[in-house]
Amino acid sequence: MKVEQLTCAIGAELTGVNLADAVQDADLFAEIRKALLTHRVLFLRDQDISRAEHVAFARKFGELEDHPVVGSDPENPGLLQIYKTPASPPDRYENAWHSDTTWREVPQFGAVLRCIECPTVGGDTMWANMVLAYEGLPEGVKAQIQDLRARHSIEFSFGAAMPMEKRLALKAQYPDPEHPVVRTHPETGEKLLYVNGFTTHFTNFHTPARVRVGQDHTHGAGELLRYLVSQAQIPEYQVRWRWKPNSIAIWDNTATQHYAVMDYPACHRKMERAGIIGSKPF
């Protein structure tokens, strides 16, 4: 297996490997996992594997989860079918910087995404290194946010376009969890910035150290959150991947955010994603 780094900040392409082989080869899988923790997101071409092999490889990292809004393959639970057609309405969920399922008490550890069909040009996906995003913050901002916590919401995102009854039922099933704004990676011990497009507000900003008058809470908290969320947009923290059929991306959902670029015309774009259950943020 050859590992080629794609940018100084994040991402590497693997060649000379078939992911189906890693299901049975413990040493090969260990190499891939090590590369993932180093580079945050891994890319492979020409992975003509079956859905069962896709799921079996992802399960080497941990158990898989379904999604309450996006459907899964009936024969392979945990394998989401993110299918776009010429008749699909414009997407409002993928084309924003986000870390998958932070609206869960236990968000995903990572994901394995395979391209089935895509436009010849357009439809790239970008990833950002949120460890670097945290490291690049001014020291004064780091001190200000070190103990902050924030809410993440499925109602605020996926639920917003639903009829009220259905939206409230979704929120009741997935109450908005509270996560640290500065998260510790459970395997590497690194500090990283953990707010994204699912984050609605800080829960413990209104303290004497941060708020002189009530107006500080309203504007100061909102402006700080917008500033922190915007850090994923910095190109020096990013990598961009051009999809082709049978291309695969494997990413560490704890340490990264991603953005699916909706710049392509009405067409078929079929992606299948296995999401891996993670651990409670701390």
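I started with the contact map: of the contacts in the chain with a separation of 6 or more, 81% are between residues 24 or more positions apart. Note to self: this is a predicted model.

**Overall build**

I went through the secondary structure next and got seven helices and 16 strands. The radius of gyration is 19 Å, close to the 19 Å from the globule rule for 282 residues, so I can call the chain as compact as a globular protein of that length. I also boxed the C-alpha atoms along the principal axes and got roughly 60 × 40 × 35 Å.

Then burial. Of the 282 residues, 52% are buried. I looked up the accessible surface as well: about 12800 Å² for the chain, with 52% of that area belonging to carbon and sulfur atoms.

**Nonpolar cores**

Which residues have the most contacts inside the largest nonpolar core? I found Ile 32, Leu 42, Phe 57, Phe 61 and Ile 250, in a core of 27 residues. I listed the elements that put two or more residues into this core: strand 2 (12-15), helix 1 (19-22), helix 2 (26-39), strand 3 (41-44), helix 3, strand 6 (108-117), strand 14 (248-252) and strand 16. Helix 2 gives the largest share, five residues.

I picked Ile 32 for a closer look. Skipping its neighbours within four places in sequence, I have Ile 32 in contact with Met 1, Leu 14, Val 17, Leu 19, Ala 22, Leu 42, Phe 57 and Ile 250. Another core lies apart from the one around Ile 32; I noted 25 residues there, including Ala 128, Ala 133, Phe 202 and Ala 221.

**Salt bridges**

How many salt bridges are there? I count 16. I wrote up some of them.

Arg 51 with Glu 272: the side chains meet in a salt bridge at 2.8 Å, N to O. This pair links distant parts of the chain, with Arg 51 in helix 3 (residues 51-59) and Glu 272 in strand 16 (residues 269-277), 221 residues apart. Is Glu 272 buried or exposed? It is buried, at a relative accessible area of 0%. Arg 51, for its part, is partly exposed at 33%.

Arg 149 with Glu 178: I get 2.6 Å between the closest N and O atoms of this salt bridge. Arg 149 sits in strand 8 (residues 149-152) and Glu 178 in strand 9 (residues 178-180), so the bridge ties together parts 29 residues apart in sequence. Both ends come out partly exposed: Arg 149 has a relative accessible area of 30%, and Glu 178 has 24%.

Glu 155 with Lys 171: this salt bridge is at 3.4 Å, N to O. I placed Glu 155 in the loop between strand 8 and helix 6 (164-173) and Lys 171 in helix 6, so the pair ties together parts 16 residues apart in sequence. Glu 155 is at 14% relative accessibility; the cut-off for buried is under 20%, so Glu 155 counts as buried. Lys 171, at 31%, counts as partly exposed.

Last, I noted a network of salt bridges that links Asp 124, Arg 240 and Asp 263.

**Looking back over the page**

Helix 3 and strand 16 turn up twice in my notes: they are among the elements giving two or more residues to the largest core, and they carry Arg 51 and Glu 272, respectively.

Methods. Residues numbered from 1 in each chain as written. Predicted model: local features only at pLDDT ≥ 70, side-chain atom pairs only at ≥ 80, totals over all residues. Heavy atoms only, no water. Salt bridge = Lys/Arg side-chain N within 4 Å of Asp/Glu carboxyl O. Helix = DSSP H or I, 4+ residues; strand = E, 2+ residues; numbered from the N terminus. Buried < 20%, exposed > 50% of the residue type's maximum accessible area, 1.4 Å probe, protein only. Core = buried A, V, L, I, M, F, W, Y, C linked by side-chain atoms within 4.5 Å. Contact = heavy atoms within 4.5 Å. Rg over C-alpha atoms; globule rule 2.2 N^0.38 Å. Areas by Shrake-Rupley, 256 points an atom, 1.4 Å probe, with all protein chains shown as cover.
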